[in-house]
Amino acid sequence: MKATHASARQLGLVSCPDCHLLSRMKKTSAHEAAYCSRCGRELQQRKPNSIMRTWALVIAAMVFYIPANLLPMTITSALGSVSTDTIMSGVIYFIHSGSWEIALVIFTASVFIPFLKFVILIYLLLSVQFKSIRRPKDRTRFYRFTEAVGRWSMLDIYVVTILVALVKLGFLADIEAGPAAIYFAAVVVTTMIAAESFDPRLIWDVVEDRS
Amino acid sequence: MHQIACHECDLIHDIPSMPDRAAAVCVRCGCVMFRAQKDSIDRTLAWTFAGLVLYAVVVSFPFLAIKNGPIGNETGLLTGIEFLYRQGIIPLAVLVLLTCILMPLIQMLGLLYIFIPLKLNVRVKYAIPVFRLFKHIKPWSMMEIYMLGILVSIVKLGKMATIVPGLAVIAFGLLIFVLNFALSAVDEHMVWENLEGDL
Ligand SMILES: [Zn+2]
Ligand SMILES: [Zn+2]
């Protein structure tokens, strides 16, 4: 692998987001789009409106995160009594029943990962907006991490889906998905799209422009 | 030899011909830009066909059975989704259906649609949009997370009832690996070069 010492942007090239073909960035007028000659995808030097879109999605996800954690995830009724479980009460249930590994897995996937994604994405957004040149490689690593782990937050949604089927058909109790489930799904989907909208190349643009 | 820009930091690299499965790592940000693949077409097709066979087993055999004293019942992969749907939480039912059942199928069918014509050296319509779609749905295919969900559910209900994993669960577990092998055998650069001019 041999690297040149310039980015595509510095050489006036643009990389196709789909097929990675490098094209010369033509000086087009504002409403004239350029398209990839190999796959036809519209070419843009950077993901459009990356910073604002990511902010909007992160804020939306943080709003959904509140009811997702406070409202019940499952509503169980057995022998006339109704009990509700939030994500945290589910975690506590597992700790009490001795399966602390499972408690840890659920806590990490449902509570910690979304929270960590908020922190990392906000940090990345601010670092780009304030034109930071510190640790670009580490920041890119953080980005890669948020992109990779976000999907695991779907875990609790799947657990609810499976429990509903088993508990009902095993006649253990009557169980339904609670209102938190839909908010929680919204958190996962919006944070995944948020990570997708952020363009890590912006981190490096600042570093290149400052050096 | 060709040039590509790292998709995470935009640095341009000259790509020489690389040994099989060697990873092209960006020298500036350290991300894996791609992995070289030998016999990409044959390997992708073989794993995809294996995956489709497993998929057929997953959807047609019992998934999890629950035994609660004298009561015993079987559930399929779709049972929980059906309950969510009947309860009226339709977006959630759709999300689970998409991420665990439809996306893996779309991925495999997409691979066949691209790779069979490549193998036969013929051209088909819409190959570019199909491959583009294939690329974009990757993060939304979440079978391995569902598998972890099964494990958690078994532990959770273990004290109240006996959960017996069915043939479909085993096939589901294998499918996770087989689909991953199929996906990692795909040589994207080779595919795009072959699709060039299909617009
Ligand atoms: Zn392209
Ligand atoms: Zn890079």
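**Two zinc sites, one helix and a cavity**

Let me begin with chain A, where the donors of the zinc ion (ligand 1) follow the spacing C-x2-C-x16-C-x2-C along the chain. Please keep in mind throughout that this is a predicted model. The four donors are the SG atoms of Cys16(A), Cys19(A), Cys36(A) and Cys39(A), which coordinate the zinc ion (ligand 1) at 2.2 to 2.3 Å. Seen from the metal, these donor atoms subtend angles of 100 to 116°, which makes the arrangement tetrahedral. For reference, the ideal angle for four tetrahedral donors is 109.5 degrees.

What does the site tie together along chain A? Cys19(A) sits in the loop between β2 (13–15) and β3 (22–24), while Cys39(A) sits in the loop between β4 (34–35) and β5 (42–43), so this pair joins parts that are 20 residues apart in sequence. Cys19(A) has 3% relative accessibility and therefore counts as buried, and Cys39(A), at 1%, counts as buried too.

Turning to chain B, the zinc ion (ligand 2) is coordinated by the SG atoms of Cys6(B), Cys9(B), Cys26(B) and Cys29(B), at 2.2 to 2.4 Å. Cys6(B), in the loop between β1 (2–5) and β2 (11–15), and Cys26(B), in the loop between β3 (23–25) and β4 (32–35), are 20 residues apart, and the pair links distant parts of the chain. Both Cys6(B) and Cys26(B) are buried. The spacing of the donors here reads C-x2-C-x16-C-x2-C, and the angles of 101 to 114° between the four donor atoms make this arrangement tetrahedral.

Chain B as a whole has seven helices and seven strands, which run β-β-β-β-α-β-β-α-α-α-α-β-α-α from the N terminus on. Its C-alpha trace spans about 70 × 40 × 30 Å along the principal axes, and 49% of its 199 residues count as buried. Of the contacts in chain B between residues at least 6 apart in sequence, 63% join residues at least 24 apart.

Within that chain I would like to dwell on helix α1 (residues 40–60), whose 21 residues should span 30 Å at 1.5 Å a residue, and the end C-alpha atoms are indeed 30 Å apart, which agrees. Which residues of α1(B) are buried? They are Ser40(B), Arg43(B), Thr44(B), Leu45(B), Thr48(B), Gly51(B), Leu54(B), Tyr55(B) and Val58(B). When reading that list, recall that an α-helix has 3.6 residues a turn, so residues three or four places apart point the same way. The cover over the buried residues of α1(B) includes α3 (90–120), α6 (167–185) and α7 (188–195) of chain B.

Two backbone details deserve a brief mention, given that most residues other than glycine have a negative phi. Asp39(B), in the loop between β4 and α1 of chain B, has a positive phi near 50°. In chain A, Lys131(A) has a positive phi of about 55°; Lys131(A) belongs to the loop between α3 (100–129) and α4 (136–149) and is partly exposed, with a relative accessible area of 47%.

Finally, the cavities: a search of the whole structure finds two of 30 Å³ or more, and the largest holds about 130 Å³ of space. Which residues lie nearest the centre of the largest cavity? Of the 14 residues in its lining, these are Met73(A), Gly90(A), Asp156(A), Val159(A) and Lys156(B). Helices α2 (87–96) and α5 (155–169) of chain A each supply at least two residues of that lining.

Conventions:
Residues numbered from 1 in each chain as written. Chains lettered and ligands numbered in written order. Predicted model: local features only at pLDDT ≥ 70, side-chain atom pairs only at ≥ 80, totals over all residues. Heavy atoms only, no water. Helix = DSSP H or I, 4+ residues; strand = E, 2+ residues; numbered from the N terminus. Expected span 1.5 Å × (residues − 1). Buried < 20%, exposed > 50% of the residue type's maximum accessible area, 1.4 Å probe, protein only. Contact = heavy atoms within 4.5 Å. Donors = N, O, S within 2.8 Å, 3.2 Å for Na, K, Ca; no water. Tetrahedral: all angles 85-135°; square planar, octahedral: opposite > 155°, others 65-115°. 1 Å grid on protein atoms, 1.4 Å probe; cavity = no way out; pocket = protein on both sides within 12 Å on 5 of 7 lines; lining within 4 Å. Points joined across faces, edges and corners; volume = space filled by probe spheres on them.
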